[in-house]
Amino acid sequence: MTALDRVARSRPPALLRKPLVSALVSCFRGETFLPGFLENCSAQTIASETEIVLVHNEPSAAEVRIVEQFSARNPDLIKHVITERESIGRSTNRALSLARGEYVCIWNVDDLRTINSLELMAATLDETPLADFTYGDFTVVDQWMATHGTEVSPPSFERRAFVRSMLLGPFYMWRREAAADLGGWDEQFSVGADFDFAIRLALATDGVKTDGLLGYYLNQGVGLSTSASGAQAVEATAIMLRYGILDKVVPRHLRAAREYQLDSILQDGDWVDMSELSVARNRYSTSRMKFGVAVARSVRDSAVVAAVRARNAIFR
């Protein structure tokens, strides 16, 4: 019996009318990648149980034509939403609000998935009811559509490690309902919103690794999340402050990081207090978050930061 058979047989027939997986996609200036990306979507072994929620920022006429032609051949696969240019976090939250699948994942238009990627991950969650998210191995490539590069194999889930680093990688999937009160992508962040969400996911829920290669992550050093930009370093510092991971705070970025609203997330244009999210029910995360926010509000210079970071050993 295949993983797809197990997934199908484990659900009442009525539920099969809804997609099993919703893939959230944000696209801006993606004409180079869209044809290959869309064909990769339709080639998935569970394409018939998948919906692609594509939030398209200021698409060109050529991009719209590509999507329309694909939709004509695959009318039930893609949900196309056209918006003005907005942040990746805002587009991701917009897509998440439209998602109907039991499981949700992020899919960047410049990343290629193995054809059974979604099937493998859905089957893992189906077979591991105590886990709310899954992730797995991937290969980092430097050319679009390439399949040879640097292989990355994240470790088995361990909460502390996954809170401190972005170990989920680019290919992870979670239960939509289980994460409903985690909050969405924090729209304050231009490059770090996925990491911020991943920390909340790791703090409040349990994960399990999916066996097998899941896809090919394109890193040409020019994307928002792959370029060595100052924003990336500042946002990483803000996120470390938010969750009280002070030994990873970079003192020279503290002043800029303190400009972020650390005790609230910006979701769908509205502020949501972190205390209202499920992550706040975790005693470990709550104590660290309060400490980190207090530091962000009070620390003024790098010498004091260094002293506080030394004190952070008590939290390790």
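Start by selecting strand β1 (residues 21–28) and β2 in this predicted model. The two strands run parallel and are joined by 8 bridges. To see how the chain gets from one to the other, add helix α2 (residues 34–42) to your selection: the path leaves β1, passes through α2 and arrives at β2, forming a right-handed β-α-β crossover. For a landmark in this pair, pick Cys 27, which stands opposite His 56 in β2.

**Along β2**

Keep β2 selected and show its side chains. Thr 50, Ile 52, Leu 54 and His 56 point one way, while Glu 51, Val 53, Val 55 and Asn 57 point the other way. That is a pattern worth knowing: in a regular strand the side chains alternate between the two faces of the sheet. Are the residues of β2 buried or exposed? Here 8 of the 8 are buried, so β2 is largely enclosed by the rest of the structure.

**On to β3**

Now add the partner of β2 in the next pairing. β2 and β3 are also parallel, with 6 bridges between them. His 56 is a handy marker again, because you have already met it opposite Cys 27, and in β3 it stands opposite Ile 82. Select helix α3 (residues 61–73) as well, and you have a right-handed β-α-β unit made of β2, α3 and β3.

**Thr 83**

Click on Thr 83, which belongs to strand β3 (residues 78–83). Its relative accessibility is 12%, so Thr 83 counts as buried. Which side chain makes a polar contact with the side chain of Thr 83? Look for Asn 57, at 3.3 Å. If you set aside residues up to four places away in sequence, Thr 83 touches Val 55, His 56, Asn 57, Glu 58, Pro 59 and Arg 94.

**The cysteines**

Next, colour the cysteines. How many disulfides are there? The count is 0. Zoom in on Cys 41: the closest cysteine sulfur belongs to Cys 105 and lies 9.1 Å away, which is too far for a bond. Cys 41 is buried, at 2% relative accessibility. Cys 27, your landmark in the opening pair, is buried too, with a relative accessible area of 1%.

**Two nonpolar cores**

For a wider view, select Leu 168, Tyr 172, Trp 174, Ile 199 and Leu 201. These have the most contacts inside the largest nonpolar core, a set of 46 residues. Several elements give two or more residues to this core, including β2 (50–57), β6 (133–141), α7 (193–204) and α8 (230–242). The largest share, 8 residues, comes from α7.

Focus on Leu 168 and show its surroundings. Neighbours within four places in sequence aside, Leu 168 is in contact with Phe 133, Tyr 135, Phe 162, Ala 198 and Leu 201. Apart from this core lies another, of 36 residues; Phe 33, Val 67, Leu 125 and Leu 214 are among them.

**Last stop: Asp 206**

Finish by selecting Asp 206, in the loop between α7 and β9 (207–218). With a relative accessible area of 34%, Asp 206 is partly exposed. Turn on its contacts and, not counting residues up to four places away in sequence, you will find Leu 130, Ala 131, Asp 132, Phe 133, Phe 157 and Arg 159. Then try the distance tool on the C-alpha atoms of Asp 206 and Glu 158: these residues are 48 apart along the chain, and the separation is 8.7 Å.

Key
Residues numbered from 1 in each chain as written. Predicted model: local features only at pLDDT ≥ 70, side-chain atom pairs only at ≥ 80, totals over all residues. Heavy atoms only, no water. Helix = DSSP H or I, 4+ residues; strand = E, 2+ residues; numbered from the N terminus. Buried < 20%, exposed > 50% of the residue type's maximum accessible area, 1.4 Å probe, protein only. Polar contact = N/O pair within 3.5 Å; in protein donor to acceptor, adjacent residues only side chain to side chain. Contact = heavy atoms within 4.5 Å. Core = buried A, V, L, I, M, F, W, Y, C linked by side-chain atoms within 4.5 Å. Disulfide = S-S within 2.5 Å. Pairing = 2+ DSSP bridges. Right-handed = clockwise from strand over helix to strand, strands pointing away.
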